[in-house]
Amino acid sequence: MQCVRWLAGLLPLVIGCDSPGDRAASQNTSDAPSDTAGRSDATATAPSDTTETSGAESQVCTRWREDYAVREEGDWTGSVIACDAGDYLEPGPSNTLRQVNLYRWLAGLPPVVSSPDLNAAAQACALIMQANRAIEHAIPDGWDCLSAAGKTAAGLSNLATTAGVESIDLYMTDNDVDNLGHRRWLLSNSLGPVGIGSTSGFSCLQVLTGTGDARARWVTWPPPGDVPIQAMHIASWMDVDAAGWSIQSDYIDLRRGEVRVTRGGIAVATDTWELDPGYGSSFGLGIRPRGWRTAVGESYEVTLGGLSEPVSWRFTLVDCR
C-alpha cells in the first residue's frame, strides 16, 4: 500500500505504512536503566580501525538484545464511548520508557524517567487521538472526547498511530520528516521527565517542557562507536539512511559546517541540509548517504569543518542478532 507523509500543526507529522496496518508518528516511573550516563564507549574520538569483535561491540549488542526484546504493549482500560481515558497498563509504560532510554544510552545520553502528572495528561491526549482516529497537535474544537489536559499535551508531544512501545522506532527513524524533530527531541539535552500515554492504537509522548540538563556539546545519530544495524534499517519505511543521519547541538552553530564522510578512509557522497531550530536542539544538520547504504562491518567517519570547535566521530555497524 502507498505511504502518505506530511507536516501538520506546529510540529512535524509523519505517516508511514506497514502492511496490513498504517503506522504514523507526529512530533510537536518505570524500569529506567541503572546507569546515570550514556554508554562509556560512545566517545567522539575516532578509534583505530578493527575487524575484530571488541568489548564495546559486545556491550552494545548485549544491551540492545536485552532491552529491544522487551516490547510488550500494555492493555488499555479506557473507552471512547464513555470518553474515559483509562490507563495504559504495565508493562506498556515501562517498556516504552525502556526503548527511549536504550536509544539515549546508545547516543551517550543519560536516561530519563516519566512523571505521573505528565503520564495522565499524555493519556488524555491519547484518548483524543483514539476517539477521532487521527493525530493532530492543534486540536480542532469539534473533536470528540476533548479535555484541557489532553489538548495541551497534544501540542507538547510526539504523536503516533501506534501504541507506545512501537512508536519509539518511528520517532528515531523519522522518515520523510525533514527536520528530524521526533528524533531530536528524544536525544535532546533537556528531555525528561516525559509523559507516556497510549490506547490500543494511538499514543502520545510528551517531550517538550523538559527539565533535563545533559549538557552534551553535540549528539549524533548514528552515534560514535558500534551501532546495531537493527537500529539503522528497521523496515523499508523506517530506515535511518533514507531519513538522514543527524547531528544536533545547543552550543555549536552547525549551520556553516562543512561535512565530509569517509568509508574505510575513502570519501563518499552525501547530501546535507540545515535542520530547523527548536526541535530538541538549537542547531542541527541532516546528512543523507547519496546512492549508497550503510552495511555491517564497515566504519564511517564524519567530520565537520569550519566550526567554532572540532566535531568528528566514527561509527561501525554491527549485527546484534
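The following legends describe close-up views of a predicted model.

**View 1. Three disulfides and their connectivity.** The complete structure contains 3 disulfides. Counting the bonded cysteines along the chain, the pairing follows the pattern 1-6, 2-4, 3-5. Each such link is a covalent bond between the sulfur atoms of two cysteines. The next three views take the pairs in turn.

**View 2. The disulfide between Cys-61 and Cys-320.** The two sulfur atoms are 2.1 Å apart, and the link is left-handed, with -75° about the S-S bond. Cys-61 belongs to helix H1 (residues 55-68), whereas Cys-320 is in the segment that follows strand S16 (311-318), so the disulfide ties together parts 259 residues apart in sequence. Cys-61 has a relative accessibility of 4% and therefore counts as buried. Cys-320 is likewise buried, its relative accessible area being 3%.

**View 3. The disulfide between Cys-83 and Cys-145.** Here the S to S distance is 2.2 Å. The torsion about the S-S bond is about -80°, which means that this disulfide is left-handed. Cys-83 is located in the loop between H1 and helix H2 (92-106), and Cys-145 in the loop between helix H3 (116-132) and helix H4 (148-154); the pair therefore ties together parts that are 62 residues apart in sequence. Are the two cysteines buried or exposed? Cys-83 is partly exposed, at 40% relative accessibility, whereas Cys-145 is buried, with a relative accessible area of 12%.

**View 4. The disulfide between Cys-125 and Cys-204.** The sulfur atoms of Cys-125 and Cys-204 are separated by 2.1 Å. Their link is left-handed because the torsion about the S-S bond is about -75°. Distant parts of the chain are linked by this pair: Cys-125 is in helix H3 and Cys-204 in strand S5 (residues 203-206), 79 residues apart. Both Cys-125 and Cys-204 are buried.

**View 5. Surroundings of Arg-184 in helix H6.** Arg-184 is part of helix H6, which covers residues 181-186. Which side chain of opposite charge is nearest to Arg-184? That side chain is Asp-276, 6.6 Å away; Arg-184 is buried yet forms no salt bridge. With neighbours within four places in sequence left aside, Arg-184 is in contact with Asn-179, Gln-248, Leu-275, Asp-276, Pro-277, Gly-278, Tyr-279, Gly-280, Ser-281 and Phe-283.

**View 6. Helix H5 and the residue that follows.** Of the 10 residues in helix H5 (residues 164-173), 9 are buried, so the helix is largely enclosed by the rest of the structure. Among the buried residues of H5 are Val-165, Ile-168, Asp-169, Leu-170, Tyr-171 and Met-172. Just after the helix, Asp-174 adopts a positive phi of about 60°.

**View 7. An open sheet of 5 strands.** The strand order is S7-S16-S15-S11-S12, with mixed pairing. Strand S7 (225-228) and strand S12 (266-268) stand at the edges; each has a single partner strand, so one side of each is left without a neighbour in the sheet. On average, neighbouring strands of the sheet are turned by 35° against each other, direction ignored. In general, strands of a sheet pair through backbone hydrogen bonds, either parallel or antiparallel. How do S7 and S16 run, and how many bridges join them? S7 and S16 run parallel and are joined by 4 bridges. At Gly-225, the bridge partner in S16 is Phe-315.

Key
Residues numbered from 1 in each chain as written. Predicted model: local features only at pLDDT ≥ 70, side-chain atom pairs only at ≥ 80, totals over all residues. Heavy atoms only, no water. Helix = DSSP H or I, 4+ residues; strand = E, 2+ residues; numbered from the N terminus. Buried < 20%, exposed > 50% of the residue type's maximum accessible area, 1.4 Å probe, protein only. Lys, Arg positive; Asp, Glu negative; His and termini not counted. Salt bridge = Lys/Arg side-chain N within 4 Å of Asp/Glu carboxyl O. Contact = heavy atoms within 4.5 Å. Disulfide = S-S within 2.5 Å. Pairing = 2+ DSSP bridges. Axes fitted to C-alpha atoms, helices over the stretch in contact; angles between N-to-C directions.
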